[in-house]
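The following exercises concern a predicted model. Each task is followed by a solution in steps.

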There are 4 protein chains.
Amino acid sequence: MGRTGVWIIGARGGVATTLACGLSAIRQGLAPTTGLITASELCRGVSLVDPAELVLGGHDVRTTPLPDCAREISRANGSLAGETVAEIEPDLARIDANLRPGVLFHSGTAIESLPGVDPDTRETDPGLALARIERDLAEFRATHALERLVVVNLASTEPPRPTHPAHHEAALLEAALTERDGTPFIASTLYSLAAARHGAAYLNFTPSPGALIPAVAELLGRGCPFMGSDGKTGETLVKSALAPMFRYRNLRVLSWQGYNLLGDRDGAVLANDENRQAKIRSKDQFLHEYLGYPLHSKVTIDYVPSLDDWKTAWDFIHFEGFLGVRMNLQFTWQGCDSILAAPLVIDLVRLLDLALRRGERGPLAHLAVFFKSPHGVGEHDLHRQFHSLEEYLSTVRRSIDER
Amino acid sequence: MGRTGVWIIGARGGVATTLACGLSAIRQGLAPTTGLITASELCRGVSLVDPAELVLGGHDVRTTPLPDCAREISRANGSLAGETVAEIEPDLARIDANLRPGVLFHSGTAIESLPGVDPDTRETDPGLALARIERDLAEFRATHALERLVVVNLASTEPPRPTHPAHHEAALLEAALTERDGTPFIASTLYSLAAARHGAAYLNFTPSPGALIPAVAELLGRGCPFMGSDGKTGETLVKSALAPMFRYRNLRVLSWQGYNLLGDRDGAVLANDENRQAKIRSKDQFLHEYLGYPLHSKVTIDYVPSLDDWKTAWDFIHFEGFLGVRMNLQFTWQGCDSILAAPLVIDLVRLLDLALRRGERGPLAHLAVFFKSPHGVGEHDLHRQFHSLEEYLSTVRRSIDER
Amino acid sequence: MGRTGVWIIGARGGVATTLACGLSAIRQGLAPTTGLITASELCRGVSLVDPAELVLGGHDVRTTPLPDCAREISRANGSLAGETVAEIEPDLARIDANLRPGVLFHSGTAIESLPGVDPDTRETDPGLALARIERDLAEFRATHALERLVVVNLASTEPPRPTHPAHHEAALLEAALTERDGTPFIASTLYSLAAARHGAAYLNFTPSPGALIPAVAELLGRGCPFMGSDGKTGETLVKSALAPMFRYRNLRVLSWQGYNLLGDRDGAVLANDENRQAKIRSKDQFLHEYLGYPLHSKVTIDYVPSLDDWKTAWDFIHFEGFLGVRMNLQFTWQGCDSILAAPLVIDLVRLLDLALRRGERGPLAHLAVFFKSPHGVGEHDLHRQFHSLEEYLSTVRRSIDER
Amino acid sequence: MGRTGVWIIGARGGVATTLACGLSAIRQGLAPTTGLITASELCRGVSLVDPAELVLGGHDVRTTPLPDCAREISRANGSLAGETVAEIEPDLARIDANLRPGVLFHSGTAIESLPGVDPDTRETDPGLALARIERDLAEFRATHALERLVVVNLASTEPPRPTHPAHHEAALLEAALTERDGTPFIASTLYSLAAARHGAAYLNFTPSPGALIPAVAELLGRGCPFMGSDGKTGETLVKSALAPMFRYRNLRVLSWQGYNLLGDRDGAVLANDENRQAKIRSKDQFLHEYLGYPLHSKVTIDYVPSLDDWKTAWDFIHFEGFLGVRMNLQFTWQGCDSILAAPLVIDLVRLLDLALRRGERGPLAHLAVFFKSPHGVGEHDLHRQFHSLEEYLSTVRRSIDER
């Protein structure tokens, strides 16, 4: 089926590094495929690209070599075993050779002041920045003789840009590229625009609002499949698994409070009010839409450096039952964010690659189950979202059988 | 549509008393219908018996007057407001007049030694005991001019009877009625047999294994709809809402430990090893069947008198994700068992009554979502179970529209 | 020993109402003395005023009659049984006759906009306001022929006033009474100043910073015993019981995050940033001082209306042990704030009354165990604080024996 | 001060291996001294043996080489870093050379059937077994020119032996050594008897009831200091820190349920009813004695293999406050048992060594704070226990100053 490339924005970050390590460890038989839904029964009989065949490359505004990133995670988190990192180091070095300097553009101080960020990646002309990104994509494809490309946004959560008319119309947005200051643009918009121009499938795994503004979604959808936003990996996943239960029993949720603690680069960026807002909106809104009645709810994200990537969340759900009696459910989630996110990205890349080969275009509604804010999908019930993925895969299987 | 009677085994217990109070409070506009799924959007357009029209009666081996039972719950639990109990006392007294002495038959010491149990209700001849029960049902129907009857088992969890060939064949079971000692029988079997003979719909809301042995299920199914067993009200409900989440993400559950604390008569009976076994089996087995791979799991039920009916449960779920990393989720559930159970019983009575009117027979698979061990249903996914109920209701709605 | 009066600022609030109900219920034999430390073994042999003999009066800026306040709590919280409230209603009405309109003075919008607040209680001249308060105290003492008076601040948490030179010197403060606008004053300062002038013992059970500014503490201490601030009732109590454990084992606390959820009038006031700051400072600071090394910590207070007075708190403690291994402890506290606070206030009143009779003056260090921010006490170890109370009581006992 | 040897029963187990690794890592500057109370301010000015100077040896019934034990822990638990284990391997090999085959004697099937247990260590004659142990101690002392010896029991929890008259009198016990079958003996009794005969200080860190039967305590106390039993490392530590809080507030504990989950060799042995009983008694009894009134309590220990050494415990505390209102506190503890235990053992060895040098004999009451069942100490208040250790250290400091 020809080779598929994966171009990652934020390629030296925790999720990207874990993904690179994981693919290499699986290839070498050092790790099981637990956590990869595309390796489960669900996808049997569906022809997906072999994860071992994926070619990785990407942009990053930091310069730490990938093997060092992996060692840092191993030390701080314990999620990558030291021995494994040692064994796959040559693979990581090979990937590192495919990485290029990323783009800072209206990215905000929280991101720009992260340790290790290279100030030379700050761009001032949107057109030139876009051209640089497109050149990198083209070179990657050519060098590795790739037939298909999936661009994946794994960069830190950006603050929202002020709304601008060009966000809503593709022609206006392209015209704005020549304006000084590039007011409507932010780094994530430039990256997704480059993907659209290049004809790559695109995945926004972050909540960054700039990545899938309507104008870009329009451009992407003309030629390719895409999906986002904000991978549903932890507390929100549990929330969306539990909310239907209250509905099935006509138990009225009075208050749903969610407290998220995390450390690490992600936590540091989200400690910033502006950046946190995008994330919080993504974690909370579905409750109100899904339950369909007013309830008190709050999502808090706190930076707790000692936790590194071990996100710890406590949710308290106060609800009312028969005769107005008040009861409660609380849960504590302790998960390693990168370990939860990386396999979802691999799954999504494989399913986007499948869609590319099948000639599908536009937002892929059947992938809603993977996202906190599924693009263009109103269904917030995790279970129905999953069933929709199952149905899609059945259709794919049938279309194969028919041939 | 004619009147429907509800005959409750265990009519002076916590769930039955709460149910009686709830129906009366709703009738008088003293309480909302929260917790009643048949009062939600789900059932709009489906013609169900008005809860205010249900006529209550039943058996119990205890003799405490129903208003006293309600006051006791109000004092110990706080789940029934003192003022409400005072206002509905006349209703409770009216229902009390419909209650008859129950039957103790091989019921085991845990039940027989409960405070307030009337030793005169102990029967020694199964045939005579059955005749007495049937007489009570017939009299209830006649007195209140009932068109339909639903028999509901809410009695304390019985220990299992030793297996016996008559459990598997209706003819053998009926023949055994004349044998001395009635070896194959236990109280719940006599009650469900009486329901079958009487032509009543039957609901086993308890885990008592005697209630729906194959021979009785055969007899019940010849003329009427029935369903069971073991209402899914609390910890198991949460468990079954969460288990699919792990499957959706191919996260491997390594261990699932569930600890249940409860006081009250239920807790006292379950403090007995024999009785607890039936319950525990019902709470645990689905995990293994649903997940389909070996995992370590344990369910513990402990008697904590100070909690009364406020069941408190803690579950610890240890799971493995990508690259073999171990993570965990824990939840604490604090719910009032009777308050959770009573509306489900009302929902089930209304849906069984609907089935009676529609001429449905045998176990009602579309009610699986209400049970820990749905009779004859292999589907353990809470969400698919709920969807199956939704589909049934759509069919009913369509059949109404067609007329 | 003559009669003792208790004059409560915030006399119609949750804690005060619970206190009034509790004293009355104990007097009538309707409730046990659980929660009253002065009713335990600890105080055997120490002659304390009989709680049944305490005469209650007070100020409030709201006008709801006390029996209505009690019924409201009974309905919303369930912490006061409806039957009990009915039986003690005559007592509550008698106390209600002793209540006088309180004083709003620079109290801030969060308090001034509370439902039920009487705008006529807003004062503009500090001298006149003080005179009114003093007149009420004098009248109360005269009417009931009281030998001793304890003034207790239970009003809602005030925001801090900007610092002012008069806060630090009694003479300057008294001089400022004649200034227009009364810049240095806030309601709580006027109340505590009135207590000082009247020669009453004074108790600041709130974190309001205005109540015990140095100038007032100086004036109070000249003639009478006093103590504060901020009763240690729930999450902070648990925190201070646990922190020593980490020290005993040389386990290093890395992060201590505390999340407090509460509804009710208290929660509504604390939802206001300004007011919350005083409270949060009081809940957090001791950790750093006690542990003596830098750690990451945060205290959050969120308003969750459905909880009413049922404070629910979750604390997450991340710590490092041998070989740098990271472990954690988390706790959830679910307590009814007024039920926890009211008995402490009774204990403190009895112990302040004892001090009055013994001629003690100034801040009572042996009462530190009751407070989040014990006035003038550097000892933060809950256990040592308790031992200091025990020692004081032994001394009292010995001095009695010697006579 | 001459060299001190530490002879460990169970020298290849998790705690012993962690201890050996920890001492070596500290010596090489690879780890901090967090968790070692003797390395904190508390012991400043008290002359204790340098941990780096301790010479390790011991018995074990398993034969796995110590470096392999360390690697196993590193893999399964993550509590020992792989790199550290690699660097200290030569040290571990040196200690391994000091290890001798242990003794199985009435040890019970749970222990005897552990994987890796050497059946040749089963002894049948108590006198010969004792002689072998004594010979090993003597040889260890001679080889390393040790001035003092501390024998430490870290072996798996034994089941209790049936009571026997010889348990209560030293002369009878020694006489019983020549009897066939050695009815009164169990392995731990033989070890502690050997320590007594050898003149070594003795530490029972386990709950094994055989280790400090009265007859052995009598023999040990004649010449040496000793202490036990059952190190207080996790859930019980938290319990004993919290119980006083309820007393300080006269809050009545109604129920205290404790659930402990652990994997690993310890968990496997405790999965056995007989062995678990000794442990559970040790974890629970203090509550009743300390609180001094009847309460409902239960301690459960469940074997959850996937947790390895990461003990996870959930405690639920139901309590009653003012006006009989019921409230609750729950905590979850997630700690690595060996990491918590190993530094306590080092602390205790150093303090026993200090006592040896100071000529102290018998049970050391000032060490009560380290144990669940402190030998001969009735004080169960963790905080008073700690203060007693502080006072002892002050006395020691003063006696140094006086010289």
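**Exercise 1.** Determine how strand 4 and strand 5 of chain A are joined, and place them in their sheet.

*Solution.* Strand 4 (residues 148-153) and strand 5 (residues 201-204) of chain A run parallel and are joined by 4 bridges. One residue pair illustrates the register: A:V151 has A:Y202 of strand 5 as its bridge partner. Both strands belong to an open sheet of 7 strands in chain A, with the order 3-2-1-4-5-6-11 and parallel pairing. Strand 3 (99-101) and strand 11 (362-363) of chain A are the edge strands, each pairing on one side only. Finally, helix 7 (residues 187-198) of chain A lies across strand 1 (4-9), strand 2 (55-60), strand 4 and strand 5, and runs at about 170° to strand 4.

**Exercise 2.** Establish which symmetry relates chain B to chain A.

*Solution.* Chain B is superposed on chain A by a rotation of 180° with 0.0 Å of shift along the axis, at an RMSD of 0.0 Å. The two copies are therefore related as by a two-fold rotation axis. The same surface serves both copies, as 100% of the contact residues of chain B recur in chain A.

**Exercise 3.** Characterise the interface between chain D and chain C.

*Solution.* Begin with the extent: 58 residues of chain D contact 58 residues of chain C. The buried area is about 5000 Å², with carbon and sulfur atoms giving 68%. D:Y248, D:R249 and D:F322 supply 19% of the area that chain D buries against chain C, more than any other three residues. Next, consider the salt bridges, of which there are 2 between these chains. One joins C:E390 to D:R384, with the closest N and O atoms 2.3 Å apart.

Note on methods
Residues are numbered from 1 along each chain as its sequence is written. Chains are lettered from A and ligands numbered from 1 in the order in which they are written. This is a predicted model: local features need pLDDT of at least 70, side-chain atom pairs count only at pLDDT 80 or more; totals for chains, interfaces and linings use all residues. Side-chain values use heavy atoms; hydrogens and water are left out. Copies are superposed by least squares on the C-alpha atoms of residues with pLDDT of at least 70 in both. Contact means heavy atoms within 4.5 Å. Two strands pair if DSSP finds at least two bridges between them. Helices (H or I, at least four residues) and strands (E, at least two) are DSSP runs, numbered from the N terminus. Axes are lines fitted to C-alpha atoms, for helices over the stretch in contact, and angles run from 0 to 180 degrees between N-to-C directions. Buried area is the accessible area (1.4 Å probe) that two parts lose on being put together, summed over both. A salt bridge is a side-chain nitrogen of Lys or Arg within 4 Å of a carboxyl oxygen of Asp or Glu.
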